[in-house]
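Student: Could we go through this structure together, asking at each step how a term is earned?

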Amino acid sequence: MSTSENTPQGLPATEFDELLAAAREIAERAYTPYSRFRVGAAALTEDGRLVRGCNVENAGYGVTLCAECGLISELIAGGGGRLSRFVCVGGDERKDRDERHVVMPCGRCRQLLSEHAAPDLVLLTPGGPRGMDAVLPQAFGPADLRS
Ligand code: THU
């Protein structure tokens with residue numbers, strides 16, 4: 001996204017340029033000897049911090065950490081807060097970093113993001129910018145534990 005048109009969320013699309021660059025950069029550090037698919041995730045917090053993560057695979061395939069796990073870990077370790085913008089990119093590790101395209105967070109990671117989302121979080125998806133509710137409708141959350 002590199003135009004200055006407004007997105008459906010009323011955001012200039014260029015809002016995501018820096019996050020896309022950060023996601024592509026961190027994807028270079030992914031540990032992906034099994035899938036060869038590198039993922040980089042980057043987000044801004046409400047107080048303006050940049051948090052990132054990359055996927056870390058494991059010989060026990062199911063133990064693999066998605067890029068979003070690293071991002072949320074950095075969020076909490078850095079003082080917590082809520083996410084206001086998010087993007088993740090992915091692509092074969094033999095590809096150039098700039099060829100990594102925007103990918104949807106997997107279902108488990110949408111749940112992970114939902115817990116730490118600002119009410120107005122905007123995620124850049126392959127279909128354009130979307131709110132959390134659009135990518136995880138009727139999410140299970142902390143309030144459900146009290147009902
Ligand atoms: N992956 C992520 O890092 N995040 C996602 O949301 C989807 C999948 C990683 C896990 C695995 O290392 C590779 O992509 C292929 O599934």
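Tutor: Yes, and we should keep in mind that this is a predicted model. We can begin with E68, which has a polar side-chain atom 2.8 Å from an oxygen atom of the ligand.

Student: What makes that pair a polar contact?

Tutor: A polar contact needs a pair of N or O atoms within 3.5 Å, and the pair formed by E68 and the ligand lies at 2.8 Å, so the term applies. N55 also places a polar side-chain atom 2.9 Å from an oxygen atom of the ligand, whereas A67 uses a backbone N or O atom, at 2.8 Å.

Student: How much of the ligand's accessible area does the protein cover?

Tutor: Of the 380 Å² that the ligand has on its own, the protein covers 76%, and the space taken by the ligand is the largest pocket.

Student: Which residues surround the ligand, and why are two in the shell called charged?

Tutor: The surrounding residues include S35, F37, V39, N55, E57, A67 and E68. Glu counts as charged, so E57 and E68 are the two charged residues of the shell, which also has six nonpolar and three polar residues. Strand β1 (37–45) and helix α2 (67–77) each supply at least two residues of this shell.

Student: Why is the pair R52 and E25 called a salt bridge?

Tutor: The term requires a side-chain nitrogen of Lys or Arg within 4 Å of a carboxyl oxygen of Asp or Glu, and the N to O distance here is 3.6 Å, so the pair qualifies. This pair links distant parts of the chain, with R52 in strand β2 (residues 50–54) and E25 in helix α1 (residues 17–27), 27 residues apart. The structure holds eight salt bridges.

How values were computed. Residues are numbered from 1 along each chain as its sequence is written. This is a predicted model: local features need pLDDT of at least 70, side-chain atom pairs count only at pLDDT 80 or more; totals for chains, interfaces and linings use all residues. Side-chain values use heavy atoms; hydrogens and water are left out. A residue is near a molecule or strand if one of its heavy atoms lies within 4 Å of it. A polar contact is a pair of N or O atoms within 3.5 Å; within protein, one must be able to donate a hydrogen and the other to accept it, and residues adjacent in sequence count only if both atoms are side-chain atoms. Accessible areas come from the Shrake-Rupley method with a 1.4 Å probe; for residues, only the protein chains shown count as cover. On a 1 Å grid over the protein atoms alone, a cavity is a set of points where a 1.4 Å probe fits but cannot get out, and a pocket is an open set with protein on both sides within 12 Å along at least five of seven lines; lining residues have an atom within 4 Å of a point. A molecule sits in a cavity or pocket if more than half of its atoms lie within 2 Å of its grid points. Helices (H or I, at least four residues) and strands (E, at least two) are DSSP runs, numbered from the N terminus.
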